[in-house]
Amino acid sequence: MRDEYRIALAGNPNTGKSTLFNALTGLRQHTGNWAGKTVTHAQGSVQYKDKTFHLIDLPGTYSLFSNSTDEEVARNYIVFEKPDLTLVVLDATSLERNFNLALQVLEMTKNVVICINLIDVAEERGIHINERLLTNRLGVPVIKISARNKKGFPMLLDTIDRIVTGAIECNPIQITYPDEIEEKIKQIEPKVRGIVGNHLSARWVSLRLLDGDEALLNEISKRLVVAEEV
């Protein structure tokens, strides 16, 4: 059994993602830049039971397409660096807007925890969130927290621990698209799988190719060349 795990933190700007990162890691953190980028790279660690969780605070983004350097950095880390778990931080007062990013992450990787932050603010506004219903519908754990008050941290850390050790198995929902798109996916997914193998989700890559994501295609080509050389 390993004792060190990498946890990526993803989320829209102003969801309290960095507040959560700081609250969990305290002084055990450092910053730098992503390789070849001017985007800040923050990493810290938290001890839980007999394990060390290394938290990587990804740039705050509204999506994980290739529209900006921040989006590319966040997407590439989740897809190519394959953290042991991705924690998606949502604002409890703006779930509809935030779920766009969460659903994108669920298409990209399996081990995901949806972390609904600012739950205290939401409750003050009369907003009530049924996390059990969301867990059942999304196929991954949904945890309500208040990062600034450290509310919900014990359950969050315990859930992370149980996922990385295999006690909880995540089964993210598969989003169904209109028939025309689903038919195109069926046509190209086998070919994509023949190229990327088990390294990437063939369905997700197929969707991105249908969307004309040239930046992703270039990144895949570059990384496949490096893998072959190794």
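**Close-up 1. Surroundings of Leu58 in the predicted model.** Leaving out residues up to four places away in sequence, Leu58 touches Ala8, Leu9, Ala10, Lys17, Trp34, Ala74, Tyr77 and Ile78. Leu58 also belongs to the largest nonpolar core, which holds 68 residues, and is among the members that touch the most others, together with Ile7, Leu20, Phe53, Leu87 and Ile114. Helix α3, spanning residues 95-108, gives the most to this core, contributing 7 residues.

**Close-up 2. Strand β4 and its pairing with strand β1.** Strand β4 covers residues 51-57, and because 6 of its 7 residues are buried, the strand is largely enclosed by the rest of the structure. Strand β1, made up of residues 4-11, pairs with β4 in the parallel sense, and 6 bridges connect the two. One place to follow this pairing is Ala8, whose bridge partner in β4 is Ile56; Ala8 is also one of the residues touched by Leu58.

**Close-up 3. The hairpin of strands β3 and β4.** In contrast to the parallel pairing of β1 with β4, β3 and β4 pair in the antiparallel sense, over 7 bridges. Two positions show how residues face each other across this pair: Gly44 stands opposite Leu55 in β4, and Gln47 stands opposite Thr52 in β4. The hairpin has 2 residues between its strands, and Lys49 takes a positive phi near 55° there.

**Close-up 4. Ser45 within strand β3.** Ser45 lies in β3, the strand formed by residues 40-48, and it counts as buried because its relative accessibility is 13%, which falls under the 20% cut-off. When neighbours within four places in sequence are set aside, the contacts of Ser45 include Thr52, Phe53 and His54, and Phe53 is itself one of the residues that touch the most other members of the largest nonpolar core. Ser45 is likewise in contact with Leu24, Thr25 and Arg28.

**Close-up 5. Strand β2 alongside strand β3.** Strand β2, consisting of residues 29-33, runs antiparallel to β3, and 5 bridges join the two strands. Within this pair, Thr31 stands opposite Ala42 in β3. Strand β3 thus appears in two antiparallel pairings in these views, one with β2 and another with β4.

Terms used
Residues numbered from 1 in each chain as written. Predicted model: local features only at pLDDT ≥ 70, side-chain atom pairs only at ≥ 80, totals over all residues. Heavy atoms only, no water. Helix = DSSP H or I, 4+ residues; strand = E, 2+ residues; numbered from the N terminus. Buried < 20%, exposed > 50% of the residue type's maximum accessible area, 1.4 Å probe, protein only. Contact = heavy atoms within 4.5 Å. Pairing = 2+ DSSP bridges. Core = buried A, V, L, I, M, F, W, Y, C linked by side-chain atoms within 4.5 Å.
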